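Grab a coffee and work through these short exercises with the structure open beside you. Try each task before reading its solution.

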Amino acid sequence: MENWTRKFESKHSISCGGGTGIFLVVTSTYIIIIRDRRACLWGSLYLDDYDEEDRDLKRGKPLYLSEDRFNLLESQWLSHRFAHTKHTWVWHRDSL
């Protein structure tokens, strides 16, 4: 992810989400969660016919919105439970 994109995401998460933001990376269909100075790759909301992700869209298979994953992401957003998930959190470079 380019540096200007990371800066935009972190600034947007502060101004609109109190330091927390959910971002869809269109070129890979992955979700990035930003919480203050930490970020994690959540996974994809879009799966193929076998419920598999197509990381970076390399296989070229049709993808469909997974309602189960969307509902999980929504419930984590509404309950503020991102810190309690088993995702690897990293410090992002943009200081908030």
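**Exercise 1.** Find which residues D48 touches, leaving out those up to four places away in sequence.

*Solution.* Start with the list: in this predicted model, D48 touches R59, K61, P62 and L63. Next, pick out the polar link to R59: the side chains of D48 and R59 are joined by a polar contact of 2.9 Å. Then check the backbone, where the D48 side chain reaches the nitrogen of Y50 at 2.8 Å.

**Exercise 2.** Place D48 in the fold and decide: is D48 buried or exposed?

*Solution.* First, the location: D48 sits in the loop between β4 (46-47) and β5 (64-65). Now the area: D48 has a relative accessible area of 6%. Buried means under 20%, so D48 counts as buried.

**Exercise 3.** Work out which residues make up the largest nonpolar core, and which strands each supply at least two of its residues.

*Solution.* The core has 8 residues in all: I31, I33, C40, W42, L45, L73, F82 and W89. On the strand side, β2 (30-35) and β3 (38-44) each supply at least two of them. Zoom in on I31: skipping neighbours within four places in sequence, its contacts include C40, W42, L45 and L73, along with I22 and F23. As background, nonpolar side chains tend to be buried together in soluble globular proteins.

**Exercise 4.** What pLDDT does the chain average, and where is it below 50?

*Solution.* The chain average is 79, and 72% of the residues score at least 70. Residues 1-5 fall below 50, and this stretch has 3 contacts in the model beyond near neighbours in sequence.

Definitions and conventions: Residues are numbered from 1 along each chain as its sequence is written. This is a predicted model: local features need pLDDT of at least 70, side-chain atom pairs count only at pLDDT 80 or more; totals for chains, interfaces and linings use all residues. Side-chain values use heavy atoms; hydrogens and water are left out. A nonpolar core is a set of buried Ala, Val, Leu, Ile, Met, Phe, Trp, Tyr and Cys residues joined through side-chain atoms within 4.5 Å. Buried means under 20% relative accessible area, exposed over 50%, partly exposed in between (1.4 Å probe, protein chains only). Helices (H or I, at least four residues) and strands (E, at least two) are DSSP runs, numbered from the N terminus. Contact means heavy atoms within 4.5 Å. A polar contact is a pair of N or O atoms within 3.5 Å; within protein, one must be able to donate a hydrogen and the other to accept it, and residues adjacent in sequence count only if both atoms are side-chain atoms. pLDDT is the predictor's confidence in each residue, from 0 to 100.
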